[in-house]
Amino acid sequence: MQCASDEPSSEPASRGLALPDSTFDKALRVHTVYFWQSLRAGSAELHRVLKPAGRVVLGFLPKAHMDRMNMPADIFTPREPDEVIAALRDAGFSDPEVRRPSTETAWLVVTGTRR
């Protein structure tokens, strides 16, 4: 099994990964969706590098939580869970869903399967 977790920061998923198509069985991204210029492009790139039936997991804090942190808007875009799900669906992932690992945390995890 091959797994993609983090690429160098100079090549964010939304700008294209220097990887062949259908390389990985799984992809994990944590705290990166805020920095993608386009959720659609980032999701499409993850779809491209995953094998058919490959799984994606995106971990992040929701917009309401992140807005309180006053991060610089020129480099940081807080995301709503529905935005992330829509981007995965548009990229061709099936059954994207949001999960909260614990009721005691604001963390969200969005998962999907490459068609």
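Phe 35 is partly exposed, with a relative accessible area of 43%. Its partner in an aromatic pair, Phe 76, is buried at a relative accessible area of 6%. Both residues belong to one aromatic cluster, which is completed by Tyr 34. The model is predicted, and the chain averages a pLDDT of 89.

**Confidence**

- A pLDDT of at least 70 is reached by 87% of the residues.
- Residues 6-11 fall below a pLDDT of 50. Beyond near neighbours in sequence, this stretch has eleven contacts in the model.

**Overall make-up**

- The chain contains three helices and five strands.
- Read from the N terminus, the order of these elements is β-β-α-β-α-α-β-β.
- The chain has 115 residues, and 43% of them count as buried.
- Among contacts with a separation of 6 or more, 62% come from residues 24 or more positions apart.

**Aromatic pairs**

- The count of aromatic pairs in the model comes to three.
- In the pair of Tyr 34 and Phe 76, the ring centres are 4.8 Å apart and the planes stand at 20°, so this pair is stacked. The cut-off for stacking is an angle under 30 degrees between the planes.
- Tyr 34 sits in the loop between strand S2 (24-30) and helix H1 (39-49), whereas Phe 76 sits in the loop between helix H2 (63-67) and helix H3 (81-91). The two residues are 42 residues apart, and their pair links distant parts of the chain.
- Tyr 34 and Phe 76 are both buried.
- In the pair of Phe 35 and Phe 76, the centres are 5.4 Å apart and the planes stand at 80°, so this pair is edge-to-face. Planes over 60 degrees apart fall in that class.
- Phe 35 lies in the loop between S2 and H1 and Phe 76 in the loop between H2 and H3, so their pair ties together parts that are 41 residues apart in sequence.
- Phe 76 thus takes part in a stacked pair with Tyr 34 and in an edge-to-face pair with Phe 35.

**Packing of H1 and H3**

- Two packed helices are described by the distance between their axes and the angle between them.
- The axes of H1 and H3 come within 8 Å and cross at roughly 50°.
- H1 and H3 are therefore oblique to each other; the crossing is right-handed.
- On the H1 side, the contact is made by Leu 39, Arg 40, Ser 43, Ala 44 and His 47.
- On the H3 side, the contact is made by Glu 83, Val 84, Ala 87, Leu 88, Asp 90 and Ala 91.

**Positive phi outside glycine**

- His 31 has a phi near 55°, a positive value in a residue other than glycine.
- His 31 is placed in the loop between S2 and H1. Its relative accessibility is 31%, so His 31 counts as partly exposed.
- Asn 70 is not a glycine either, and its phi is positive at about 55°.
- Asn 70 is placed in the loop between H2 and H3. With a relative accessibility of 66%, Asn 70 counts as exposed, because the cut-off for that class is over 50%.

**The two loops**

- The loop between S2 and H1 holds His 31, as well as Tyr 34 and Phe 35.
- The loop between H2 and H3 holds Asn 70 and Phe 76.

Terms used. Residues are numbered from 1 along each chain as its sequence is written. This is a predicted model: local features need pLDDT of at least 70, side-chain atom pairs count only at pLDDT 80 or more; totals for chains, interfaces and linings use all residues. Side-chain values use heavy atoms; hydrogens and water are left out. pLDDT is the predictor's confidence in each residue, from 0 to 100. Contact means heavy atoms within 4.5 Å. Rings of Phe, Tyr and Trp (its six-membered ring) pair if their centres lie within 6.5 Å; planes under 30 degrees apart count as stacked, over 60 as edge-to-face and the rest as tilted. Helices (H or I, at least four residues) and strands (E, at least two) are DSSP runs, numbered from the N terminus. Buried means under 20% relative accessible area, exposed over 50%, partly exposed in between (1.4 Å probe, protein chains only). Axes are lines fitted to C-alpha atoms, for helices over the stretch in contact, and angles run from 0 to 180 degrees between N-to-C directions. Angles under 35 degrees count as roughly parallel, over 145 as roughly antiparallel, 65 to 115 as roughly perpendicular and the rest as oblique. A crossing is left-handed if the near helix is turned anticlockwise from the far one by less than a right angle, and right-handed if clockwise.
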